[in-house]
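Biologist: I have not looked at this one before, so could you walk me through it?
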Amino acid sequence: MDANPLFLIELLVFSGAALAWGVYEYWSVRPKKEDSPPPDDAGHPEG
């Protein structure tokens, strides 16, 4: 059975687009370094 080259190109293009979209979504929701709370010296939240 021969694979249609157009089908393989389409599969690669749309799979790549879906993967790129997933990476973009992950990158956009990850916490940024300036959003993280400052470290506490004692390590106790009650102060």
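Modeller: What follows is a short tour of the chain, its surface and a few of its side chains.

Modeller: Please keep in mind that this is a predicted model.

Biologist: Fine, so how many helices and strands does the protein chain have?

Modeller: The protein chain has one helix and zero strands, and that helix, H1, covers residues 5–29.

Biologist: And what share of the residues is buried?

Modeller: Of the 47 residues in the protein chain, 0% are buried, while the accessible surface comes to about 4,900 Å², with 67% of it belonging to carbon and sulfur atoms.

Biologist: Which residues form a nonpolar patch on the surface?

Modeller: That patch is made by Phe7, Leu8 and Leu11, which together have about 280 Å² of accessible area, and Phe7 lies in helix H1.

Biologist: Why does Phe7 count as partly exposed?

Modeller: Phe7 has a relative accessibility of 48%, so Phe7 counts as partly exposed, given that this class runs between the 20% and 50% limits.

Biologist: Switching to rings, how many aromatic pairs are there?

Modeller: A search of the whole structure finds zero aromatic pairs.

Biologist: Then what lies over the face of Trp27?

Modeller: Arg30 does, at 3.8 Å from the ring centre of Trp27.

Notes: Residues numbered from 1 in each chain as written. Predicted model: local features only at pLDDT ≥ 70, side-chain atom pairs only at ≥ 80, totals over all residues. Heavy atoms only, no water. Helix = DSSP H or I, 4+ residues; strand = E, 2+ residues; numbered from the N terminus. Buried < 20%, exposed > 50% of the residue type's maximum accessible area, 1.4 Å probe, protein only. Areas by Shrake-Rupley, 256 points an atom, 1.4 Å probe, with all protein chains shown as cover. Phe/Tyr/Trp six-rings, centres within 6.5 Å; stacked < 30°, edge-to-face > 60°. Lys NZ or Arg CZ within 6 Å of the ring centre and 35° of its normal. Patch = residues over 30% accessible without salt bridge, like charges linked within 9 Å, V, L, I, M, F, W, Y side chains within 5 Å. Salt bridge = Lys/Arg side-chain N within 4 Å of Asp/Glu carboxyl O.
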